[in-house]
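User: I've got a model to go through. Can you walk me through a helix and the cavities?
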Amino acid sequence: MLLRASNRERFPRGLDKPRAINSVKDSLTAPQSVDFGYIQGAWRRIEAMRSSEADPVEPPTLSELEEGLGEAILKCDLFAKNWRNRIYRIQLARGGFVLGKQLVMGTKRLLLIEFVPGKTIEILAWTSEDVVPACELAGKILARLAAARTESIGPMPIEMINRDLDIAPWRLSFREKKILQMALERLAAAEVRIGHVYYDFKPANLIYQNNDSLFLVDAPDIWWRGVHLWDFACFRSSMRRHSWRINLRRPYDRHRRRIIRQSLVAFQQGYLTSFSNRYPEPPLFALAVRLFELQRNAVLTTMQDAKVTLAREKMPIARGKRLGNPLANRLTLPLLEIERRWLFQQLARELP
């Protein structure tokens with residue numbers, strides 16, 4: 001199946017609606033839905049990885065692409081791929097480029113994405129002071145997304161989150177278990193916004209352009225639902241990892257570290273000042289964010305551990321680095337362990 005979509009949301013100063021999606025040929029298979037159980041979702045992905053064939057779907061033909069785009073194409077090159085997706089760089093006959101994202105697991109769906117010039121916030125974090133206004137804008141936009149997508153405001157789904165954390169591939173100490181239990185008990189009184197979350201709201205998926213525009217890229221193929229604060233925690237934890245990497249690679253670059261700290265402050269201020277009624281309320285906000293950062297750490301640990309295991313078992317999916325660099329996967333696990341311990345320390349500090 002082919003799908004043409006402007007897979008971006010552009011936010012100059014106000015919140016614009018995403019462009020309409022037009023399907024070609026048959027209708028799309030409905031995306032999977034995950035409610036709150038993000039670690040459970042990671043385990044389901046692992047099962048899909050285990051059953052994955054080496055290359056189960058044929059690449060799109062030029063005629064299919066031309067039919068979907070409604071115009072002539074000069075060439076289509078494979079740009080990148082992993083176990084779930086192939087990314088194509090498509091050159092149009094009239095000039096310009098389109099990116100094509102093919103979901104190779106159980107569907108021939110293809111998203112044709114308008115090419116957007118600019119730099120991701122991830123790149124800006126390493127190279128430019130523009131990362132500060134970019135992060136402030138990202139915070140404001142995330143707040144508007146949360147307000148627009150709020151289905152309800154209600155108690156934190158503590159039982160669901162606790163069940164999800166129970167299946168994380170961790171070995172928690174007695175002290176860590178106690179800290180987690182105290183945090184969950186404390187957050188049971190928190191009121192939160194619940195609805196559709198973007199799920200992967202991170203610096204690598206945000207393109208900053210012209211000093212006042214931001215584009216969301218990489219459409220999720222799963223319908224994620226949960227507490228909107230998950231997206232806030234996702235962005236902040238991703239930026240923190242970039243900060244740690246910069247510290248390791250540029251230990252004497254104090255200016256860059258200061259810029260990253262300023263960008264994190266700008267992101268949080270942009271987010272918080274956009275709400276007249278904040279959920280959860282300030283006394284529980286920081287603790288709730290730490291909990292979701294911990295849950296995201298568990299998701300990443302689950303996926304990285306599976307990649308290492310599948311490579312060790314020499315599963316077909318591990319061929320050709322479809323699961324990423326094997327050495328990098330192994331090195332990431334101890335780093336995630338360090339982050340987990342650090343997050344538990346932060347949870348303990350946020351508790352009364």
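User: Which residues are buried in helix 6?
Analyst: This is a predicted model, where local features need pLDDT of at least 70, side-chain atom pairs count only at pLDDT 80 or more, and totals for chains, interfaces and linings use all residues. Residues are numbered from 1 along each chain as its sequence is written, and side-chain values use heavy atoms, without hydrogens and water. In helix 6, the buried ones (under 20% relative accessible area, 1.4 Å probe, protein chains only) are Glu176, Ile179, Leu180, Ala183, Leu184 and Leu187.
User: Where do they sit around the axis?
Analyst: On the same side of helix 6, because they cover an arc of only 130°. The arc is taken from the directions from the helix axis to the C-beta atoms.
User: And which residues are exposed on the face turned away?
Analyst: Phe174, Arg175, Lys177, Lys178 and Glu185. Exposed means over 50%.
User: What does the buried side pack against?
Analyst: Helix 5 (158-166), helix 9 (282-312) and helix 10 (326-350). Contact here is heavy atoms within 4.5 Å.
User: Switching topic. How many cavities of 30 Å³ or more?
Analyst: Three. A cavity is a set of points on a 1 Å grid where a 1.4 Å probe fits but cannot get out.
User: What volume has the largest cavity?
Analyst: About 60 Å³, as the space filled by probe spheres set on the points.
User: Which helix gives the most to its lining?
Analyst: Helix 4 (residues 131-149), with four residues. Lining residues have an atom within 4 Å of a point. Among those lining the largest cavity are His196, His228, Asp231 and Tyr271.

Conventions
Helices (H or I, at least four residues) and strands (E, at least two) are DSSP runs, numbered from the N terminus. On a 1 Å grid over the protein atoms alone, a cavity is a set of points where a 1.4 Å probe fits but cannot get out, and a pocket is an open set with protein on both sides within 12 Å along at least five of seven lines; lining residues have an atom within 4 Å of a point.
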